[in-house]
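Work through these short exercises with the structure in view. Try each task before you read its solution.

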Amino acid sequence: MKLLKVEYLPILNAKISLLSTVDLLSYIQNRIQLQKKTIIGSGNIHSFNLALRHKWYSQFLMDADVVRIDGEGVRLGASILHGVQIPERSTWADFGIYLAEFCQKNGLSLFFLGSETGIAERAKKELTFRFPGINILGTHHGFFDKSHPGVENKKVLEYINELSPDILIVGFGMPLQEKWILENIDQIGAKVICTGGAVFEYLSGTAERGSSFFIRNGFEWVDRLIRNPARLWKRYIIGNPVFLLKIFLQKFSKKGL
C-alpha cells in the first residue's frame, strides 16, 4: 500500500494541511494500515497565536503530520496569504461525528482521553447509541497528574497501551494536550494521536453549539463568546485581530512592501 502524501501551506510560523474532511479520514486509515505513528494537530486562530508566543508550540505544529483546519479564521488567513482555495474547516464538533461513523464502517478503534470525570464516557455512550458497533475501547478523564515521569501518568499510559487503540483523542485543551503528547509520544501505543480540545463536551452533548446562522457564516466564535465571555474574551476580542494583523504583515513583507 502506498503512503498518502499531504500538501501544506505555511502560515506565520506554522502550517496547515490541505486536506478536506474526506481526505483526512482516508489519510488516517492509510496511516493506521501502514502502522505509521501519526500526530494530527488542530489549526485555529488560538493555536497559531500560541505558536507565535511559544517556540515549542510552533515546532509541534510544524512537526505534526497533519494540522487540521479547525476554524474559518485560519481559512481566511490562508486565503489572504496564498490566494488559493482552502478546504472546508473540520472543527471537532463536526469532525468527531464523521470520524465516529468512519471508524464504525471501517472497524477502527478509539480511545477518549480528557475532560472532567464522566464526560468522555458519556461521549462514548452517545456515539455507541448513534453508531452501533463502533469500537471505543476505553475512556479516561483528563484530571490526573500528568507529570513526566509520574505514577498517575504512567498508569494512564499503561491503560491506553493495554487496549491498543488505533486512534487516541487527547482533549486537555491547548497547550496542555500538545505538551502531554510531546512528553509521552514515545510511550503512546496508539497509531494516530489527535488533539481534541473540547471534543468530548460536544460529542456528549454537554456543550451546545451556536445557531446554524453563526455556523454557516463562519461566526460560531461569536456565539461561544456570548455564552462564555469571562473565559473567551481575550482569545477572541484580542486574539482574532492579532492573528489577522500578523497575516497582513506577513503578506506585505512577502511583497516587499
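**Exercise 1. Decide whether Leu163 is buried, partly exposed or exposed.**

Solution. This is a predicted model. Take the relative accessibility of Leu163, which is 28%. Now apply the cut-offs: buried means under 20%, and exposed means over 50%. Leu163 therefore counts as partly exposed, because its value of 28% falls in between.

**Exercise 2. Place Leu163 in its surroundings.**

Solution. Start with the element: Leu163 belongs to helix α7, residues 151–163. Next, set aside the neighbours within four places in sequence; Leu163 then contacts Phe111, Leu137 and Gly138. Last, check Gly189. It is 26 residues from Leu163 in sequence, and the C-alpha to C-alpha distance is 9.1 Å.

**Exercise 3. Trace the open sheet and find its edge strands.**

Solution. Count six strands. Their order is β4-β3-β8-β7-β5-β6, with parallel pairing. The edges are β4 (66–69) and β6 (135–140), and each of these pairs on one side only. Between neighbouring strands of the sheet, the average turn is 20 degrees, direction ignored.

**Exercise 4. Which residue of β8 is the bridge partner of Ile39?**

Solution. Find strand β3 at residues 38–43 and strand β8 at residues 192–195. The two pair in the parallel sense, over three bridges. Within β8, the partner of Ile39 is Ile193.

**Exercise 5. Locate the strands that helix α6 lies across.**

Solution. Helix α6 spans residues 119–130. The helix lies across β5 (109–114) and β6. Compare directions: α6 runs at about 165 degrees to β6.

Terms used
Residues are numbered from 1 along each chain as its sequence is written. This is a predicted model: local features need pLDDT of at least 70, side-chain atom pairs count only at pLDDT 80 or more; totals for chains, interfaces and linings use all residues. Side-chain values use heavy atoms; hydrogens and water are left out. Two strands pair if DSSP finds at least two bridges between them. Helices (H or I, at least four residues) and strands (E, at least two) are DSSP runs, numbered from the N terminus. Axes are lines fitted to C-alpha atoms, for helices over the stretch in contact, and angles run from 0 to 180 degrees between N-to-C directions. Contact means heavy atoms within 4.5 Å. Buried means under 20% relative accessible area, exposed over 50%, partly exposed in between (1.4 Å probe, protein chains only).
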